[in-house]
Amino acid sequence: MLYLNPGDKVALIAPSYALASGAEEETLEKASTLLRSWGYEAVPYYDPSREHKFAGMRFEGTTQQRAETLYTALSNPDIKAVMALRGGYGAVEVVLEIYNNPDKYPPLPAQQAKPVVGFSDITAIHLLLNQVWGWPSIHGEVITRLVKENPDATTLAKTESALK
């Protein structure tokens, strides 16, 4: 597995549902504070101005925009890990966008692998990384659950430990 060093940059992405409307800034600040306490630098790849609504659901951008955001974070050599802000719905479409467009999103080699953390809908991204690209990943808690009021101390400790 790949581990982080103090000062490494961690991308925060929302390939599934958007953050709660009006709480984006607070959630990103809490995430930055948490990652800083672990010794890392948070790099939000989140733009609330790109809000996209579909069938009553809110996303941080269209499927194509979210695929571009995910691929950009995964391919950026300065980013050493990627953490999902939340799950929900929408990651399957993002994975299909990447998988079905190899000219635009060529598979990244295993030598460029970095930890990707999330669960729920983010499992689709784990499958792309594990089964198609040969990357390891961490089926772990999403950021919104790590920074909620009274988060589970064991989950926080295990997530931090998985990255070190």
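Thr-27 is buried, with a relative accessible area of 13%, a value that falls under the 20% limit used for that word. The model in which this residue is seen is a predicted one. Thr-27 has its place in helix 1, which covers residues 24-37, and, leaving aside residues up to four places away in sequence, Thr-27 touches Leu-19, Thr-144 and Val-147.

A second buried residue can be set beside Thr-27. Ala-11 lies in strand 1 and counts as buried because its relative accessibility is 0%. Not counting residues up to four places away in sequence, Ala-11 touches Val-43, Tyr-45, Ala-73, Ile-79, Ala-81, Val-82 and Met-83. Ala-11 and Val-95, for their part, are 84 residues apart in sequence, and their C-alpha atoms are 18 Å apart in space.

| Residue | Place | Relative accessible area |
|---|---|---|
| Thr-27 | helix 1 (residues 24-37) | 13% |
| Ala-11 | strand 1 | 0% |

**Helix 2**

One of the residues touched by Ala-11 is Ala-73, and Ala-73 is also among the buried residues of helix 2. The others named in that set are Thr-63, Arg-66, Ala-67, Thr-69, Leu-70, Tyr-71 and Leu-74. An α-helix has 3.6 residues a turn, so residues three or four places apart point the same way. The buried residues of helix 2 pack against strand 1 (9-13), strand 4 (57-60), strand 5 (79-84) and strand 6 (116-118), as well as against helix 3 (91-99) and helix 4 (123-133). Helix 2 runs over residues 63-75, and because its 13 residues at 1.5 Å a residue should span 18 Å, the distance of 18 Å between its end C-alpha atoms agrees with what is expected.

**The whole protein**

These elements belong to a protein with six helices and seven strands, which follow one another along the sequence in the pattern β-α-β-β-β-α-β-α-β-α-β-α-α. Among contacts with a separation of 6 or more, 75% are accounted for by residues 24 or more positions apart.

For 164 residues, a compact globule would have a radius of gyration near 15 Å, and the protein, with 15 Å, agrees with this. Its C-alpha trace spans about 40 × 40 × 25 Å along the principal axes. Of the 164 residues, 47% count as buried, while the protein exposes about 8000 Å², of which carbon and sulfur atoms supply 51%. The protein carries 15 positive and 19 negative side chains, and the centres of these two sets lie 3 Å apart.

Conventions: Residues numbered from 1 in each chain as written. Predicted model: local features only at pLDDT ≥ 70, side-chain atom pairs only at ≥ 80, totals over all residues. Heavy atoms only, no water. Helix = DSSP H or I, 4+ residues; strand = E, 2+ residues; numbered from the N terminus. Rg over C-alpha atoms; globule rule 2.2 N^0.38 Å. Buried < 20%, exposed > 50% of the residue type's maximum accessible area, 1.4 Å probe, protein only. Contact = heavy atoms within 4.5 Å. Areas by Shrake-Rupley, 256 points an atom, 1.4 Å probe, with all protein chains shown as cover. Lys, Arg positive; Asp, Glu negative; His and termini not counted. Charge placed at Lys NZ, Arg CZ, Asp CG, Glu CD. Expected span 1.5 Å × (residues − 1).
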